[in-house]
Amino acid sequence: ETLREGDAVHKKILRLSFKASILATALAVLPMGANAAGLGRITVLSALGQPLRAEVELTASREELSSLSAKIASHEAFKQAGIEYVSALSGIKLIVDKRTGGQPVIRMTTDRPINEPFLDLLIELNWTAGRLVREYTFLLDPAPEVLARKPVATPVAKRDASSVAK
């Protein structure tokens with residue numbers, strides 16, 4: 001009888017072992033980046049001829065946020081992506097921050113006005129478990145006050161009636 005009990009215990013262990021191996025296999029097949037940090041939509045808050053102020057939406061876990069850093073990608077990364085690196089990009093500062101509601105964002109700012117109407121840039125995101133590079137292209141519209149200005153007509157010299165030759 002003890003032999004039968006031993007077989008039953010052995011079968012239970014095999015069943016549990018089989019279930020555990022199936023679970024381990026299922027977990028191993030899942031995409032590793034399912035919860036990886038990511039970059040979302042960009043919102044430009046400044047206009048052409050003004051210092052840049054923009055925000056890029058960020059998705060990341062609390063753990064990822066603790067080790068997260070963002071920067072403009074290297075000149076080499078731009079070259080590999082076939083994107084021209086313009087000098088206006090060198091002054092852009094990127095800071096990982098949170099909006100008032102707690103949504104994590106990357107704030108992009110410059111001290112100097114940006115006079116390039118189109119900007120192509122690569123943002124590099126690094127954290128303990130990964131790295132991400134994403135391209136953004138955006139248009140800087142003229143400031144509303146520039147658009148509101150109406151061109152001033154150049155005064156046209158009127159001929160004096162007395163100076164007209166008779």
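## A patch of negative charge

Let's start at the surface, where Glu84, Glu116, Asp120 and Glu135 gather in a patch of negative charge. Keep in mind that this is a predicted model. One member of the patch, Glu116, sits in the loop that links β5 (104-113) to β6 (118-127). Glu116 counts as partly exposed because its relative accessibility is 35%, and partly exposed covers the range between under 20% for buried and over 50% for exposed.

## The overall fold

Stepping back, the protein chain contains 4 helices and 7 strands. If you follow the sequence, these elements come in the pattern α-β-β-α-β-α-β-β-β-β-α. The protein chain has 166 residues, and 24% of them count as buried.

## The β1-β2 hairpin

Next, have a look at strands β1 (residues 38-44) and β2 (residues 51-59), which run antiparallel and are joined by 5 bridges. Together β1 and β2 make a hairpin, with 6 residues between them. In the turn, Gly49 has a positive phi of about 85 degrees. Across the pair, Leu39 stands opposite Leu58 in β2.

A salt bridge also spans this hairpin: Arg41 pairs with Glu57, and their closest N and O atoms are 3.5 Å apart. Arg41 belongs to strand β1 and Glu57 to strand β2, so the contact ties together parts that are 16 residues apart in sequence. How accessible are the two partners, Arg41 and Glu57? Arg41 counts as exposed because its relative accessibility is 55%, while Glu57, at 24%, counts as partly exposed.

## More salt bridges

The model has 7 salt bridges in total. Another of them joins Arg107 to Asp97, with 2.8 Å between the closest N and O atoms. Here Arg107 lies in strand β5 and Asp97 in strand β4 (residues 93-98), so this pair ties together parts that are 10 residues apart in sequence. Arg107 has a relative accessibility of 25% and therefore counts as partly exposed; Asp97, at 34%, is partly exposed as well.

Glu124 and Arg131 offer a further example, their side chains meeting in a salt bridge at 3.5 Å, N to O. Which partner is buried and which is exposed? Glu124 is buried, because its relative accessible area is 8%, whereas Arg131 is exposed, with a relative accessible area of 53%. Finally, salt bridges with shared partners link Glu55, Asp97, Arg99 and Arg107 into one network.

Terms used:
Residues numbered from 1 in each chain as written. Predicted model: local features only at pLDDT ≥ 70, side-chain atom pairs only at ≥ 80, totals over all residues. Heavy atoms only, no water. Pairing = 2+ DSSP bridges. Helix = DSSP H or I, 4+ residues; strand = E, 2+ residues; numbered from the N terminus. Patch = residues over 30% accessible without salt bridge, like charges linked within 9 Å, V, L, I, M, F, W, Y side chains within 5 Å. Areas by Shrake-Rupley, 256 points an atom, 1.4 Å probe, with all protein chains shown as cover. Salt bridge = Lys/Arg side-chain N within 4 Å of Asp/Glu carboxyl O. Lys, Arg positive; Asp, Glu negative; His and termini not counted. Charge placed at Lys NZ, Arg CZ, Asp CG, Glu CD. Buried < 20%, exposed > 50% of the residue type's maximum accessible area, 1.4 Å probe, protein only.
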